[in-house]
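Reader: I have the structure open and want to go through how it is put together. Can you take my questions as they come?

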There are 2 protein chains.
Amino acid sequence: MKEISALMGYRPSIHVVDATLRDGGLVNDFYFTDDFVKALYRANIKAGVDYMEFGYKASKEMFDENKFGKWKFCKDEHIREIVGDNDTDLKIAVMADVGRCDYKQDIINRIDSPIDLIRVATYLTTIPGAVAMIEDAKNKGYEVSCNIMAISNTQESDLRIALDTLGQTPVDVLYIVDSFGALYPEQIARITDIYMEFAEKYNKKIGIHAHNNQQLAFANTIEAVGDGVDWLDATYASMGRGAGNCAMELLLGLLRNPKYHIYPVIQFIEKHMNKLREDGIVWGYDLQYLMTGILNQHPRTAIQFTKERRQDYTEFYKEIIAQD
Amino acid sequence: MKEISALMGYRPSIHVVDATLRDGGLVNDFYFTDDFVKALYRANIKAGVDYMEFGYKASKEMFDENKFGKWKFCKDEHIREIVGDNDTDLKIAVMADVGRCDYKQDIINRIDSPIDLIRVATYLTTIPGAVAMIEDAKNKGYEVSCNIMAISNTQESDLRIALDTLGQTPVDVLYIVDSFGALYPEQIARITDIYMEFAEKYNKKIGIHAHNNQQLAFANTIEAVGDGVDWLDATYASMGRGAGNCAMELLLGLLRNPKYHIYPVIQFIEKHMNKLREDGIVWGYDLQYLMTGILNQHPRTAIQFTKERRQDYTEFYKEIIAQD
């Protein structure tokens, strides 16, 4: 926290991205009702959120449409059924994973689509694939961001090469993604410094997508804001894979730009998010996610532990520290 | 976060204080079983925790012994029943509130007591009372700390006067207490700077006691560590008033001193803390606590909301923003 967040004022360059359907969809296999999605769309508009991510543009060759809700595929016509012509200030985003989408055919020209922003998600090992997707999306007229996932277990020298490569593409925003919820604010500050170096060199914006394994998703987002990061991902009631994400209600409680309003977020959570929990959908901070976070591991073992409704945390701990 | 926390190393001057019985006792009126307390004592020893706070030395004139568990009063003989002669590295602490204890008679000489540390809790309005208690406890041979509560709604100039006054007493540790869970890490950094000024002038140590209304208890503790704070309060599974405290399991996951061990904490939570929840004891982050945190209010309205098992968060929000 470098005391540049100007907590009493605000930076107009801040953008808030609601990732509830996309990261939350990883919890319930994207089975959200249309009522839920429409209400979330309206809540985001009222709350002043800048972008709403509807889900993934996943390959229908690789993934069975009968085994997931429609927001794993985010067909343009399905988005249209929610947003119509989207004559609002809220922009529409989807995510597309390198190697797990058919972007050439599934992403059409922006002028014919309700979508505004393509969020390319990549690992450090698939940067050339990300570059191709970024160029494709830009040629089709979209705003484009690139999420570099799982950076907590990469070499900083590799990260620099990736950022230098991506900097030379027409991408608009480069995202810091703490996929494992492993990073402390001090580490976020150092990583932001690296991103900032290339953002300044290539005139890009920086975003952050945090996970809550150590109850640090909000704190790491605050740290990043203080360090100059402008694009902030959040989800209602923290809904997201495993321990979930930075909570929208926490983030809007921090931001001082009068365009943002927390009340519609509280309304939506009261009416819709708590019902999801009552229906048995489970996400959020718990010991198993803390452990994978501390150990800088992918949370898949913890997600499995959760699915099996296990409570033997000590056994789980012994299992995962033995993963050589 | 001033990059002085040396995350890869450790500061031997760090002390961890387990406040589970004391702050957690505010949730269940101090009705912990002896089995629970004994197991917690053993867990703290194994985990390398430095101090275990057993509860309050509350006035038996003001509070009815039949309406609270025994740890609201922390009679020396009750502590002895748990710790015997306490021939361990774990030290024993109790809290005493200015104006709500009979310290002259209830706190005996340290040489005759199992207690090592008296934690004097005060508001800014009762500093002279705190000074008297500090001097009494020191004269009786104790280590003494002083918690200045509710600093998030005080004037910094008043805080400076209080710190200058307390600095001239024989107190060992001055605590930053974010009673309302209202503070962001950036604000903790500024407050720590003020404390540090007087700590250096008077050769005192600084501690932090955080609340989790905005999921920042751990983050604020990390920030404080980075800024030079050495005494860190935590509770198992965050158990504490309202949204709870900095979680012991998060804190020990951060600290690199090999004397600390997270495994006994996980063991204790698995066996004892989750049972408390199953028994209907409710604490931890929820929207109502977020709201009082953001609004910098005492959480008593949110605690009442929780007790009544209300779910109408929007109504609650409208109630508390209207408190003029």
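Reader: Start with chain A. Which strands make up the closed barrel, and how do they pair?
Author: This is a predicted model. In chain A, eight strands form a closed barrel in the order β1-β2-β3-β4-β5-β6-β7-β8, and the pairing is parallel. On average, neighbouring strands of this sheet are turned by 25 degrees against each other, direction ignored.

Reader: How many bridges hold β7 and β8 of chain A?
Author: Two bridges, in the parallel sense, between β7(A), residues 205–209, and β8(A), residues 231–234. Within that region, I208(A) has L232(A) of β8(A) as its bridge partner.

Reader: What does helix α1 of chain A lie across?
Author: Helix α1(A), residues 20–28, lies across β1 (15–18), β2 (51–56), β3 (91–97), β4 (117–122), β7 and β8 of chain A. Its direction is at about 35 degrees to β2(A).

Reader: And α2 of chain A, which strands does that one touch?
Author: Helix α2(A), residues 34–47, packs on the sheet and touches β1, β2 and β3 of chain A. The direction of α2(A) makes about 155 degrees with that of β2(A).

Reader: Now helix against helix. At what angle do α5 and α6 of chain A cross?
Author: Roughly 20 degrees, with the axes of α5(A) (residues 127–139) and α6(A) (residues 156–167) coming within 10 Å. Angles under 35 degrees count as roughly parallel, so α5(A) is roughly parallel to α6(A). The crossing of the two is right-handed.

Reader: Which residues make that contact between α5(A) and α6(A)?
Author: From α5(A) there are I127(A), A130(A), V131(A) and I134(A), and from α6(A) there are A162(A), T165(A) and L166(A). Sorted by class, the contact of α5(A) with α6(A) has six nonpolar residues, one polar and no charged.

Reader: What about α7 and α8 in chain A, how do their axes sit?
Author: The axes of α7(A), residues 185–202, and α8(A), residues 217–226, come within 9 Å and cross at roughly 35 degrees. That crossing is right-handed.

Reader: Which residues meet there?
Author: P185(A), I188(A) and A189(A) of α7(A) meet N220(A), E223(A) and A224(A) of α8(A). By class, the residues of this contact are four nonpolar, one polar and one charged.

Reader: Switching to chain B. Which strands form its closed barrel?
Author: The closed barrel of chain B has eight strands, β1-β2-β3-β4-β5-β6-β7-β8, with parallel pairing. Neighbouring strands in this sheet are turned by 25 degrees against each other on average, with direction ignored.

Reader: How many bridges join β1 and β8 of chain B?
Author: Strands β1(B), residues 15–18, and β8(B), residues 231–234, pair in the parallel sense over four bridges. H15(B) stands opposite W231(B) of β8(B).

Reader: Which helices pack on the barrel in chain B? Start with what α1 lies across.
Author: Helix α1(B), residues 20–28, lies across β1, β2, β3, β4, β7 and β8 of chain B and runs at about 35 degrees to β2(B). Helix α6(B), residues 156–167, also packs on the sheet, touching β5 (143–148) and β6 (173–177) of chain B. The direction of α6(B) makes about 170 degrees with that of β5(B).

Reader: Further along, at what angle do α12 and α13 of chain B cross?
Author: At roughly 155 degrees, and the axes of α12(B) (residues 300–307) and α13(B) (residues 313–321) come within 11 Å. An angle over 145 counts as roughly antiparallel, so that is what α12(B) is to α13(B). The crossing of α12(B) past α13(B) is right-handed.

Reader: Which side chains are in that contact? I mean the residues.
Author: T301(B), A302(B) and F305(B) belong to α12(B), and Y313(B), F316(B) and I320(B) to α13(B). The contact of α12(B) with α13(B) has five nonpolar residues, one polar and no charged.

Reader: Last topic. What turn lays chain B on chain A?
Author: A turn of 180 degrees, with a shift of 0.0 Å along the axis and an RMSD of 0.0 Å. The two copies are therefore related as by a two-fold rotation axis.

Reader: What share of the contact residues of chain B recur in chain A?
Author: 100%, and the same surface serves both copies.

Methods:
Residues are numbered from 1 along each chain as its sequence is written. Chains are lettered from A and ligands numbered from 1 in the order in which they are written. This is a predicted model: local features need pLDDT of at least 70, side-chain atom pairs count only at pLDDT 80 or more; totals for chains, interfaces and linings use all residues. Side-chain values use heavy atoms; hydrogens and water are left out. Axes are lines fitted to C-alpha atoms, for helices over the stretch in contact, and angles run from 0 to 180 degrees between N-to-C directions. Angles under 35 degrees count as roughly parallel, over 145 as roughly antiparallel, 65 to 115 as roughly perpendicular and the rest as oblique. A crossing is left-handed if the near helix is turned anticlockwise from the far one by less than a right angle, and right-handed if clockwise. Contact means heavy atoms within 4.5 Å. Ala, Val, Leu, Ile, Met, Phe, Trp, Tyr, Cys and Pro count as nonpolar, Asp, Glu, Lys and Arg as charged, and the others, Gly among them, as polar. Copies are superposed by least squares on the C-alpha atoms of residues with pLDDT of at least 70 in both. Two strands pair if DSSP finds at least two bridges between them.
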